[in-house]
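Please look through the following notes with the model open beside you. They go from one strand to its neighbours, and then on to other places worth a look.

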Amino acid sequence: MGARIVSLVNQKGGVGKTTTAVSLAVALARRGQRVLLVDLDPQANATSALGVLGSGRAGVYDAILDETPVEECIARVEEEGVDLVPSSAELSGAEVELVPVLARERRLANALHPVRDRYDWVLIDCPPSLGLLTINALTASESVIIPVQCEYMALEGLSRLMETLDLVRRNLNPGLHVLGVILTMFDARTRLAQQVVDEVRSHFPQTFATIIPRSVRLSEAPSHGQSIFRYEPGGRAAAAYEAVAAELLERVGVAV
């Protein structure tokens, strides 16, 4: 069977996607799961959030474009208990470089195949766009998790994302499904936030029960190269991501 490969995807930036990818990866590892996080975003935010310096080392660009064995591209993040395939600035050219490549949509799937049996989960942090890198992630994945910010127009981009998922299903990956929607950056003081929660839940029954609160500490943690579990272990945000991880494991039938 091998690892469950899950893409965290939303073409809208600033929705807490990378924070969710990193926090969920570490939360799953804390529950005894073997986790590989793949940073597929040229901004390399997940790489820096885990305190890994991408420069001068092999990473996801090498695995996809140069077919460097992915084993040589994995960095062990001992303090957080996860493995990482780091990103780097080189990746920003990958969208263009992939265009003439044969079977270009399958490069990531092919790269990950040899290590799939080593992990329980492979989480892919996608770039905030629906270009070739995201298509690679969706082709390699069996499911997606969609972080949605509790703000005005949250649903607007989701219909376009659903169209992309349909296209990928029809042409590249028939088994791809939505594993869940995670509501992020919830501010209990605003009525709008609760309206967004109700609206998203009415459209997407697979929305997680746990909502991630807006948190200054959560936005500070990446600049210290730490997950929220190291930066503020007893805080509300850490507790929320713990709860999402528990829900996720229950959802896929892993004993929590």
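1. A strand here is a DSSP run of type E with at least two residues, and strands are numbered from the N terminus. In that sense Ser-143 belongs to strand 6. The model is a predicted one.

2. Ser-143 has a relative accessible area of 2%, and because buried means under 20%, Ser-143 counts as buried. Apart from neighbours within four places in sequence, the contacts of Ser-143 are Ile-5, Val-6, Ser-7, Leu-176, His-177 and Leu-179. Val-6 is also the bridge partner of Ser-143.

3. Which strands pair with strand 1? Strand 1 runs parallel to strand 5, with 5 bridges joining them, and parallel to strand 6, with 3 bridges. Opposite Val-6, in strand 5, stands Leu-123.

4. Strand 1 covers residues 4-8, and 5 of its 5 residues are buried, so the rest of the structure largely encloses it. In a regular strand, side chains alternate between the two faces of the sheet. Here Arg-4, Val-6 and Leu-8 point one way, while Ile-5 and Ser-7 point the other way.

5. Helix 11 takes in residues 236-251, 16 in number. From its first C-alpha to its last it reaches 22 Å, close to the 22 Å expected at 1.5 Å a residue. Its buried residues include Ala-237, Tyr-241, Glu-242, Val-244 and Leu-248. Among the elements that cover the buried residues of helix 11 are helix 1 (17-30), strand 5 (121-125), strand 6 and strand 7 (177-184). Just after helix 11 comes Gly-253, with a positive phi of about 85°.

6. Two residues other than glycine deserve a check of their backbone angles. Ala-44 has a positive phi of about 60°, and it lies in the loop between strand 2 (35-39) and helix 2 (45-49). With a relative accessible area of 14%, Ala-44 is buried. Met-153 has a positive phi near 70°, and its loop runs between strand 6 (143-149) and helix 7 (156-171).

7. Is Met-153 buried or partly exposed? Its relative accessible area is 42%, so Met-153 is partly exposed. Together with Tyr-152 and Leu-192, Met-153 forms a nonpolar patch on the surface. The accessible area of these three residues together is about 330 Å².

8. Next come the charged pairs. Side chains of opposite charge can pair when their charged atoms come close. The count of salt bridges is 17. One of them joins Lys-17 and Asp-125, whose closest N and O atoms are 3.0 Å apart. Lys-17 is in helix 1 and Asp-125 in strand 5, so this pair ties together parts 108 residues apart in sequence. Lys-17 and Asp-125 are both buried.

9. Other salt bridges join residues that differ in exposure. Arg-76 meets Asp-83 at 2.8 Å, N to O; Arg-76 is partly exposed at 46% relative accessibility, whereas Asp-83 is buried at 12%. Arg-189 pairs with Asp-187, with the closest N and O atoms 2.9 Å apart. Arg-189 is exposed at 74% relative accessibility, and Asp-187 is buried at 17%.

10. Finally, a network of salt bridges links Arg-30, Arg-31 and Glu-242. Glu-242 is one of the buried residues of helix 11.

Terms used:
Residues numbered from 1 in each chain as written. Predicted model: local features only at pLDDT ≥ 70, side-chain atom pairs only at ≥ 80, totals over all residues. Heavy atoms only, no water. Patch = residues over 30% accessible without salt bridge, like charges linked within 9 Å, V, L, I, M, F, W, Y side chains within 5 Å. Areas by Shrake-Rupley, 256 points an atom, 1.4 Å probe, with all protein chains shown as cover. Salt bridge = Lys/Arg side-chain N within 4 Å of Asp/Glu carboxyl O. Helix = DSSP H or I, 4+ residues; strand = E, 2+ residues; numbered from the N terminus. Buried < 20%, exposed > 50% of the residue type's maximum accessible area, 1.4 Å probe, protein only. Expected span 1.5 Å × (residues − 1). Contact = heavy atoms within 4.5 Å. Pairing = 2+ DSSP bridges.
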